[in-house]
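Let's take a walk through this structure together. Have the viewer open as you read, and follow along from one part to the next.

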Amino acid sequence: MTQAAGADRLRHLGVRSEEMIEALARISADEGQITRLYLSPEHRRAATLVADWMGDAGLTVREDALGTVCGVLPASEPDAGNKTLLVGSHIDTVINAGAYDGTFGVVAGILAAQEIKARGIKLPFTLEILAFGDEEGVRFPSTLLSSSGVAGTVTPADLEVTDASGVRLADALTAFGGQPEAALHLGRDRDSVLGYLEVHIEQGPVLEAEGLGVGVVTSIAGANRYSVTVSGMAGHAGTVPMHLRSDALVGAAELICAIHRIAGQASDHGVVATVGELSVSPGAVNVIPQDVVFSLDLRAATDEPRHEAARAIEKAGAEIASRHGLTINFNQYHEVVTCLCADRFQDAAETALRTLGVRPLRLMSGAGHDGQAMAKLTDIGMLFVRCEGGISHNPLENVDRDDMGLAVEALIRWIETIAEEERAVS
Ligand SMILES: [Zn+2]
């Protein structure tokens with residue numbers, strides 16, 4: 001293919017992506033915003049549109065018991081095995097969302113399958129595109145329910161949760177046309193699945209800073225969340241001399257600065273730490289703070305640096321507490337271990353990017369994704385796409401059309417590379 005023809009092809013894929021993204025963005029519960037919650041009328045309309053696109057792309061379409069739209073392109077080589085390569089993302093959104101989070105991964109999967117078929121690219125495995133309905137966990141207090149269904153890890157309790165209006169998930173699912181009972185038995189046969197790939201917008205600023213349209217994800221960060229309580233002694237703001245105070249807020253302030261410094265020193269390992277909530281009591285202008293409670297969210301590309309940062313933060317807390325006559329208590333209420341992307345899929349993605357003349361930067365995902373649920377079933381791989389300013393979960397979310405075209409072509413070549421490797425081993 002000539003360079004001009006290649007550029008035309010990328011442009012075409014970018015234009016198609018943009019049209020499809022815009023069509024999905026018009027399906028919303030709120031006029032002028034994008035809100036598509038799981039099992040809502042908007043989810044139904046989006047699922048129907050996605051199913052139509054999959055049908056137009058020549059895929060065999062069905063919807064699983066949890067409402068995931070599945071489009072299958074059968075293996076095209078005569079002696080192909082019975083393996084399936086899954087490619088997916090989600091079509092639900094947060095409230096007042098951007099247009100690209102999740103939806104672009106679904107669009108990219110459909111366009112890639114369509115192109116593979118149209119170009120007559122032979123695959124020694126079945127390709128299946130998945131459009132998950134519940135990734136964001138906004139309507140129900142659920143976590144990655146749709147992909148957990150495919151991974152076979154959904155429990156009856158997962159379907160008993162209720163939304164803000166008291167509607168049970170199981171009832172909403174039935175009304176949607178799904179099947180709660182069957183949802184417990186959706187898990188794919190491990191031996192039949194080759195892996196799970198996902199294209200997703202980065203939702204961060206790294207690719208933009210590096211001047212790259214796409215990049216290879218190394219892992220989905222593990223995370224610890226803590227509620228940190230700093231306790232001192234309340235007192236009169238006018239009568240207690242400075243050297244006799246145990247001011248909880250002063251200790252908290254020092255600790256927050258220490259947290260920022262400790263994470264910054266470990267940034268090579270992708271350590272990031274955030275204090276996003278803080279409350280002071282009694283909380284009066286003329287009272288020395290007695291108690292401060294703040295949140296701590298700690299993430300890293302791999303588990304050990306995250307644990308190391310946690311230990312350093314607790315040590316800093318102990319030192320600050322003794323210096324100010326405070327007690328500091330770290331209550332960890334949540335931990336998710338790091339989910340590694342398979343080396344073979346990272347390497348294959350790197351090969352694919354090189355054929356497109358793109359420097360294959362590897363970066364971690366600080367945000368959670370369906371891959372975390374899918375990793376319980378199979379190897380996963382992810383490709384990130386640059387988004388403007390790293391802004392996401394926001395109506396300002398924006399992805400360049402050319403980057404979308406590049407990402408779809410990269411996905412096609414990624415799948416081709418995996419196909420070549422499969423042929424080599426079989
Ligand atoms: Zn997403």
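A good place to begin is the boundary between the two domains of this predicted model. About 550 Å² of area is buried between domain 1 and domain 2, and carbon and sulfur atoms give 47% of that. On the domain 1 side, look for T338, M364 and G366: these three supply 76% of the area that domain 1 buries against domain 2, more than any other three residues.

To see where that boundary lies, colour the chain by domain. Domain 1 comes in two stretches, 3-220 and 338-425, while domain 2 covers 222-336. Their centres, taken over C-alpha atoms, are 38 Å apart. At the interface, eight residues of domain 1 are in contact with nine residues of domain 2. What kinds of polar pairing turn up there? Five residue pairs are in polar contact between domain 1 and domain 2, whereas the count of salt bridges across this interface is zero.

Now turn to the metal. Which residues hold the zinc ion? H90 and H200 each coordinate the zinc ion through NE2, and D101 does so through OD, with distances of 2.0 to 2.1 Å. Read along the sequence, the donors follow the spacing H-x10-D-x98-H. The two histidines bring distant parts of the chain together: H90 sits in strand β3 (residues 84-90) and H200 in strand β5 (residues 193-201), 110 residues apart. Are these histidines buried or exposed? Both H90 and H200 are buried.

Notes. Residues are numbered from 1 along each chain as its sequence is written. This is a predicted model: local features need pLDDT of at least 70, side-chain atom pairs count only at pLDDT 80 or more; totals for chains, interfaces and linings use all residues. Side-chain values use heavy atoms; hydrogens and water are left out. Donors are N, O and S atoms within 2.8 Å of the metal (3.2 Å for Na, K and Ca); water is not among the atoms, so sites may look incomplete. Helices (H or I, at least four residues) and strands (E, at least two) are DSSP runs, numbered from the N terminus. Buried means under 20% relative accessible area, exposed over 50%, partly exposed in between (1.4 Å probe, protein chains only). Domain bounds come from an automatic or database domain assignment. Contact means heavy atoms within 4.5 Å. Buried area is the accessible area (1.4 Å probe) that two parts lose on being put together, summed over both. A salt bridge is a side-chain nitrogen of Lys or Arg within 4 Å of a carboxyl oxygen of Asp or Glu. A polar contact is a pair of N or O atoms within 3.5 Å; within protein, one must be able to donate a hydrogen and the other to accept it, and residues adjacent in sequence count only if both atoms are side-chain atoms.
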